[in-house]
Structures are given as structure tokens and as C-alpha cells.
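User: Hi! I'm new to reading protein structures and would love a close look at one part of this one. Could you walk me through it step by step?

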Amino acid sequence: MNKNKILSINNLHVEVAGKEIVKGVSLEINSGEKHAIMGKNGSGKSSLANALAGHPNYEITSGTVELDGENLLDKSATERSLAGLFLGFQYPMTIPGVTVANFLRAAIKARNGVGIDIKNFRKVFKEKMKLLKIEDSFATRYLNDGFSGGEKKRLEILQMAMLQPKLAILDETDSGLDIDALKIVANGIIESAPKDGGVILVTHYQRMLDYIKPDMVHIMIDGRIVKTGGAELALELEAGGYDKLEATVSQGVGV
Amino acid sequence: MNTVTIRKNSTGFRNQNRFEPEWLYNIRKESWNYFNELDLPHRSNHLWRYTNAQDLLPNNPEELIKIVPSLPDQSENDSSFSDKDFSGYGYNRPDFMTFAKLSHDLEKAGVVFKDLLTASRENEDIVEKYLGQLVGYGFGKFEAMNLALWNTGLFLYIPDNVEIEKPIRLQRHPSGPNTFHRLLVVVGNNSKLTLIDDYSGECRKEEAQTNSAVEIFTGDASNVKYFNTQRLSNSCVSYITQRAQISRDAKFVSVFAGIGSKISKFNTGTILNGEGAESRLYGIVFGNENQQFDYHTMHHHKASNSFSDIDFKVVLKDEANSATTGLIRVEEDALNCQAYQVNRNLLLNEGPKAESIPELEILCDQVQCSHGATVGPIDQEMLFYLMSRGVDYKEAMNIITFGYLEPTIAKFPAELGELTRGLLATKMKG
């Protein structure tokens with residue numbers, strides 16, 4: 001049913017600086033589902049995330065991607081965001097001179113095409129800040145300037161909460177977080193991820209999946225999804241490690 | 001070369017004008033002679049590497065001798081000047097008449113604010129003592145030209161112990177093909193002033209030139225803020241030389257915003273002349289199209305325990321270019337000074353060029369000094385981050401540009417920061 005299909009990726013190939021990094025990925029996500037894409041550094045999972053968001057350095061050489069039934073690949077990064085795609089950055093950019101509040105205001109203004117209702121913006125903003133245990137002073141600080149790793153990641157989730165995308169791709173949102181910060185961020189994702197949208201959790205480790213139970217887990221090795229399963233697959237991986245999995249895959253077993 | 005032609009054919013100076021005192025006439029005449037004797041600065045001179053001096057030279061300086069400032073008439077007489085935002089207001093008209101209006105309270109407090117020609121007659125003792133002492137004919141060819149030919153001028157004197165809360169605003173406009181502006185400010189001990197020196201307007205003739213000389217003397221423990229905005233139309237050629245001399249324990253903040261003119265050469269400097277003097281120099285330039293900015297900043301520490309800081313940012317797009325030279329000089333007997341300087345340049349596309357040259361002349365070994373200079377393109381990752389949130393390319397560029405300048409603008413006195421943000425927003429829209 002196309003109706004429930006939030007994301008549909010078909011045989012996607014991505015190159016970075018002429019080198020193929022993503023080598024034919026296909027993936028479908030239905031509304032309300034959370035998928036985890038797991039893989040080691042260099043497996044292509046972050047490249048997949050960046051390519052979907054329209055980063056100019058990631059060239060899609062073949063394949064198709066539809067977001068909620070619409071072709072995503074002919075759109076600019078701006079248009080993809082407006083179409084409902086959200087990328088939570090692994091390394092959120094620091095932009096000195098631009099306050100968190102002004103940044104969010106610009107993003108929300110872009111959505112409505114007109115000035116936003118400041119009163120309502122403030123109310124939702126405050127609620128979400130409280131949920132993510134973010135202090136009020138955040139709003140007037142320069143974007144990610146001098147933020148700790150945990151603060152940066154909480155700010156990414158705050159943005160997701162404010163923008164209410166159809167599909168949120170969270171690229172290693174768990175990295176750089178201590179256990180307390182991880183719980184806050186995971187809770188933030190659970191509470192504010194759009195209910196009838198989709199979520200992709202891109203991660204190296206299983207630990208965030210203790211808090212956010214995925215509907216599906218995909219393992220990526222060398223630019224391909226080599227294994228797909230339920231939440232238990234992440235635990236298997238945690239127990240056996242990537243090396244063991246890689247060995248099985250190279251023998252042609254798990255695919 | 002024209003340089004030689006001018007010198008050989010230079011006429012004598014005009015006769016004394018009936019409105020000007022003899023000492024003033026003599027300074028003008030001397031300056032004129034000096035101007036003619038000096039060679040046109042050559043590109044081998046480091047301050048002239050980036051601008052062709054010929055572009056700043058009037059076609060016919062001899063003709064300009066005839067233009068003398070007029071004494072203001074009563075046509076704009078306003079004996080009860082009052083304004084909710086400003087304590088005083090000075091401006092020049094196309095007929096070279098210059099007007100200065102001051103709030104009644106300040107008049108009563110002994111503040112003098114009038115056109116420079118009138119002041120040279122009525123406040124001779126002060127004007128003669130200070131005029132040309134910081135930006136005189138010995139400074140250089142174009143400064144000598146200004147002192148000889150200035151045709152609109154303002155004078156502001158603040159006695160000791162007068163605190164002026166609301167800014168005094170100057171609006172300076174081009175008059176005809178060549179306007180020579182002059183400003184002399186003398187601030188007494190323990191006094192306080194915010195002065196807005198705003199250059200704006202259309203140059204009626206293509207490539208009309210404005211040349212301005214600004215001299216500011218501050219008394220001990222005074223607090224002076226000087227804001228220079230240059231937003232002349234893109235057909236103008238603008239040359240401004242500004243010097244301030246800061247006395248013991250005085251605080252001086254000089255802020256500049258350059259967004260106008262086809263060619264803008266700006267030389268701003270502060271001499272820390274008394275122990276404990278502090279100078280902060282903050283500025284931004286935003287250039288587009290074919291604009292050319294050639295900026296020189298200077299902090300000259302002549303006294304011990306003095307402090308200086310420069311934060312100057314440049315943003316360029318299209319085919320604009322910019323050169324910044326920043327000199328810090330600390331004299332041998334100026335001990336325990338602190339001198340900091342940062343110049344950063346952001347290029348929004350492939351077209352613009354920017355250069356940044358810090359110059360340090362530290363003659364004393366007990367000093368804390370640092371300098372930094374960067375030139376770089378817009379960060380593509382920043383751009384992508386903003387676009388990934390739904391902001392379009394143009395808006396993302398604007399946000400990054402504003403953000404780049406904002407930490408510097410945030411150091412401006414609050415009211416001047418607001419003005420600057422407004423100027424930038426207008427320029428970005430246009």
C-alpha cells in the first residue's frame with residue numbers, strides 16, 4: 001500500500017568524490033515504523049543519510065527514492081526538508097552569531113512561507129525544551145557554539161520536535177553521549193518523533209536501541225544492507241560483533 | 001603622469017577669503033603648497049598597494065580652490081532644537097553651507113557645536129590649537145589636499161565634566177564632484193560623548209569624490225564613542241582619514257561600518273597618549289558588485305598600561321575586493337600595554353578577493369600582543385546544515401553572513417549595533 005509507505009528506496013548508488021560508497025541499497029519504511037541501520041565506520045550508513053538529505057558532496061548515480069510517494073531525488077536539500085525529511089546530524093555545525101532561536105525561527109518561517117506565530121512558537125519551544133531538559137538560556141546562545149556533545153545532540157532532537165518531519169534520519173545521535181544524556185535524548189526521540197511518520201536510527205552500537213525499540217534492524221557492510229531482521233538482530237550483533245557477521249556474509253550465508 | 005603635470009602647472013593659492021581668519025588662510029595655503037610638492041603615493045608604498053592614488057585625485061584641483069565654505073545663513077535656523085534620539089544634529093547642504101544644531105541643555109552646559117568656518121572665527125583659541133594636529137598636511141598628499149581645500153566642516157567642543165547621553169549625529173553628503181569634509185572634536189576631561197558620523201547620499205556625477213578628515217581629541221578619563229558609517233552610493237569614491245588621540249584613563253570606542261562607494265579608502269587610527277588609555281576599534285565591511293575597500297587601522301601605544309583591541313570583519317560577494325592593513329605600534333617606553341587585533345574576511349562566492357596584512361612594530365618587550373587574520377570562503381557544511389532545515393540558499397547565505405558579522409556587531413555600543421544591523425539588512429535586500 002503506497003499510502004502507508006513513508007520512504008521507498010530502490011537500488012540506490014552513491015558516490016563521494018568519484019568513489020562508490022553506497023552500492024545498491026533498497027529499503028522501505030511504513031508510517032509509524034522505526035528502523036535502525038547499523039554498521040561499522042565506513043560502511044556507508046552516514047553516506048546514505050547525507051545522500052538522502054541532499055548533501056552536494058554525495059552524488060546519487062542510480063536508483064530511486066520516494067518520500068511519501070514523491071520523488072525525492074530531483075529536489076534540493078531545502079526542498080527535501082520542506083517535503084518532510086529531517087536529518088539529525090552526527091556532527092551538528094557550529095554557526096557563531098546565529099542564535100538557536102533565530103535558527104529555528106528561520107526553519108519554521110521557511111515552512112509556512114510567512115512569518116510565524118511567535119506566541120505559539122514560544123509555547124511549543126518551551127515544552128520541547130523542558131522535555132529535552134534544555135535550559136532556557138539555550139535559545140539565546142549561538143548555534144552549537146561551545147555546546148557539549150550532549151547539548152548538540154539534544155538540540156538536533158529539539159529541531160526534529162519543532163519541525164515534525166515525515167521521516168527523521170538520526171545519524172549517530174547516540175555518539176558522544178554519556179548514559180544520562182543518552183536517556184534524555186532517547187526519551188526525546190520517543191516522545192517527539194512524529195507518530196505517523198518514520199524514523200531511521202543510524203548507529204554503530206546497540207545501546208540506544210535498549211531505549212528505542214526498532215521495528216526493523218538493517219546491517220550495512222561495505223555499502224550494502226547485508227542482513228535485515230527484527231530488534232533481536234541488534235542484540236545478536238552486540239553479542240557476536242561485526243567481525244563475526246562479516247565472516248558469515250562473506251561466505252554468502254546471511255544475505 | 002599627471003603627478004608631474006600638477007606640480008609643474010600648480011597655480012598659487014587664492015587670496016584670503018573675507019570670512020576666514022589669517023591663520024586659517026595661512027594653513028590652507030601652506031597645505032596647498034605641500035600638496036603640490038608631494039608626489040602622488042606610489043603602489044610601492046604599502047598603504048597604496050591596493051588603490052590607485054590617481055583614482056582619488058580630482059581632475060582639476062586648481063578649480064577646487066575657488067570653492068570655499070559659506071557661513072551658514074539663517075534659512076535653517078532652529079533655535080529650539082530638540083529630538084528624542086539625538087542631542088545634536090549637523091549636516092551640510094549642496095551649496096556648501098553647513099549647519100549644526102544642539103539641544104538647549106548642552107548649549108547651556110558650554111558645549112560648542114557649529115560649522116568649522118564659524119568656529120575658526122568665534123572659537124579661534126581652540127580651533128587654531130587643534131586643527132590639523134592629527135590629520136594635517138604632513139600626513140600625506142590627500143590629507144594636505146583636504147586641509148587646503150576643505151569646503152564643509154564641523155566643530156564640536158565639550159568642556160570638562162559634561163556627560164552627553166544621547167548621541168550627536170552628523171549627516172554628511174556629497175556636494176558636487178568634490179566634497180572635502182572636515183571634522184574637529186575636542187572633548188574635555190571626565191566628559192562623555194557618542195558621535196555618529198554618517199556619510200550617505202547619491203553622488204550626482206559619476207565617480208564624484210569625497211575626502212574627509214576627522215580629528216578627535218579626548219580629555220583625561222573621558223568616555224567617547226565614535227561611529228563612522230560610510231554608505232555613499234556606489235558611484236562615489238570615498239577617502240576618509242580619521243585619527244583620535246586618547247588621554248590618561250580615557251576610554252574610546254571607534255566603530256565603523258563600510259558598505260558604500262565604488263572605491264573606499266579608509267584610514268582609521270587611535271593614539272593612546274595617556275597612561276591607562278583604552279581604545280576599542282570594531283568594524284565591519286560588506287561589499288558587493290565591483291566595490292573596492294582599502295582599509296587601514298592603527299593603534300599607536302605611546303603610554304604605559306594602555307589597552308587596545310581591534311575586531312574587524314569583512315564580507316564580500318560578486319566581484320568586490322578588499323585589503324586590510326592593521327598596524328600596532330608600541331613605543332619603547334610604553335610598558336605593560338595590551339594590544340589585540342583580529343581581521344577576518346568571508347568570501348561568499350568565487351569572484352571576490354581579500355587580503356589581510358597585520359603589521360606589528362613592538363619596540364617594548366613588556367607587552368601582551370596578539371593578532372590574527374583569516375580569509376576564507378563560506379563553509380559549505382554550514383550552508384548545507386541550514387538548507388537541510390528548509391531554509392533556501394539565499395536566505396541561508398544571509399543568515400551565515402549576519403552570523404559571521406554578529407559577534408563583532410555585538411561589541412558595538414547597543415544603539416550603534418542596531419543601526420548597523422539595519423544598514424546591512426537594507427544592503428542585502430538591494
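Which strands of chain B does helix α9 (residues 393-409) of chain B lie across?

Analyst: Happy to help! Please keep in mind that this is a predicted model. Helix α9 of chain B lies across three strands of that chain: β13 (278-287), β15 (307-316) and β17. Its direction makes about 165 degrees with β15(B), and angles over 145 degrees count as roughly antiparallel. Another helix, α10 (residues 414-429) of chain B, also packs on the sheet, where it touches β7 (192-201), β9 (223-232), β11 (251-258) and β13 of chain B. The direction of α10(B) is at about 15 degrees to that of β13(B).

Now for the sheet itself. It is an open sheet of 10 strands in chain B, with mixed pairing, and the order is β2-β1-β5-β7-β9-β11-β13-β15-β17-β19. At its edges are β2 (98-102) and β19 (367-377) of chain B, each pairing on one side only. From one strand to the next, the twist averages 5 degrees.

Let's zoom in on the β19 edge. Strand β17 (residues 337-347) of chain B pairs with β19(B) in the parallel sense, over 11 bridges. To find your way on screen, look for B:Ala339, which stands opposite B:Cys369 in β19(B).

Note on methods. Residues numbered from 1 in each chain as written. Chains lettered and ligands numbered in written order. Predicted model: local features only at pLDDT ≥ 70, side-chain atom pairs only at ≥ 80, totals over all residues. Heavy atoms only, no water. Pairing = 2+ DSSP bridges. Helix = DSSP H or I, 4+ residues; strand = E, 2+ residues; numbered from the N terminus. Axes fitted to C-alpha atoms, helices over the stretch in contact; angles between N-to-C directions. Contact = heavy atoms within 4.5 Å.
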